[in-house]
Amino acid sequence: MEFANDGMRDSLTGLMAPALFYESAARLISWSRRRDEPLSLIVAELGDLDADGIVKLARDLSAELRGGDLLSRLGIFTLILMIVGDSKASGHLIFRLENAIKPKVRYRFVTLDADEDVAKGLSRLGV
């Protein structure tokens with residue numbers, strides 16, 4: 001399986017490519033700081049899904065998200081979500097995803113600190 005994109009969309013899933021995700025995340029961070037809203041990053045580790053499984057999972061995840069949430073494929077078996085919300089909101093979303101989406105995916109999350117960017121948040125997640 002290959003990981004390729006045109007800079008805007010992942011060629012397999014149609015999700016945001018990393019470059020578009022980082023650009024969109026920067027705008028969302030700026031918006032959230034102006035409104036004093038927390039942001040969280042959620043990493044979904046896909047294990048060893050085949051291409052069809054990854055496409056289905058990407059569709060299922062997209063269907064569960066709100067309009068302002070961001071979803072990107074950052075690596076062959078790694079998806080990243082950015083949501084407006086704190087650790088409680090992340091926990092609720094992960095609970096919903098774990099019950100709605102099969103196969104099982106490993107989720108981890110962090111709530112961004114007030115001065116933190118996406119790269120630092122991903123670093124804390126070990127991505």
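Tyr-22 is partly exposed, with a relative accessible area of 37%. The residue belongs to a predicted model of a protein with four helices and four strands. Its neighbour in sequence, Phe-21, is buried, at a relative accessible area of 0%.

**The aromatic pair**
- The protein contains one aromatic pair.
- Phe-21 and Tyr-22 form this pair, with their ring centres 5.8 Å apart.
- The planes of the two rings stand at 70° to each other, and the arrangement is edge-to-face, because an angle over 60 degrees counts as such.

**Order of elements**
- Read from the N terminus, the helices and strands follow the order α-β-α-β-β-α-β-α.

**Overall dimensions**
- The radius of gyration of the protein is 14 Å, which agrees with the value near 14 Å that a compact globule of 127 residues would have.
- Along the principal axes, the C-alpha atoms occupy a box of roughly 40 × 35 × 25 Å.

**Burial and contacts**
- Of the 127 residues in the protein, 43% are buried.
- Among contacts with a separation of 6 or more, 66% join residues that are 24 or more positions apart.

**Surface and charge**
- The protein has an accessible surface of about 6,700 Å², and carbon and sulfur atoms contribute 52% of that area.
- Its charged side chains comprise 17 positive and 19 negative ones.
- The centre of the positive set and the centre of the negative set are 4 Å apart.

Technical notes. Residues are numbered from 1 along each chain as its sequence is written. This is a predicted model: local features need pLDDT of at least 70, side-chain atom pairs count only at pLDDT 80 or more; totals for chains, interfaces and linings use all residues. Side-chain values use heavy atoms; hydrogens and water are left out. Rings of Phe, Tyr and Trp (its six-membered ring) pair if their centres lie within 6.5 Å; planes under 30 degrees apart count as stacked, over 60 as edge-to-face and the rest as tilted. Buried means under 20% relative accessible area, exposed over 50%, partly exposed in between (1.4 Å probe, protein chains only). Helices (H or I, at least four residues) and strands (E, at least two) are DSSP runs, numbered from the N terminus. The radius of gyration is taken over C-alpha atoms; the globule rule is 2.2 Å times the number of residues to the power 0.38. Contact means heavy atoms within 4.5 Å. Accessible areas come from the Shrake-Rupley method with a 1.4 Å probe; for residues, only the protein chains shown count as cover. Lys and Arg count as positive and Asp and Glu as negative; His and the chain ends are not counted. The place of a charge is taken as NZ of Lys, CZ of Arg, CG of Asp or CD of Glu.
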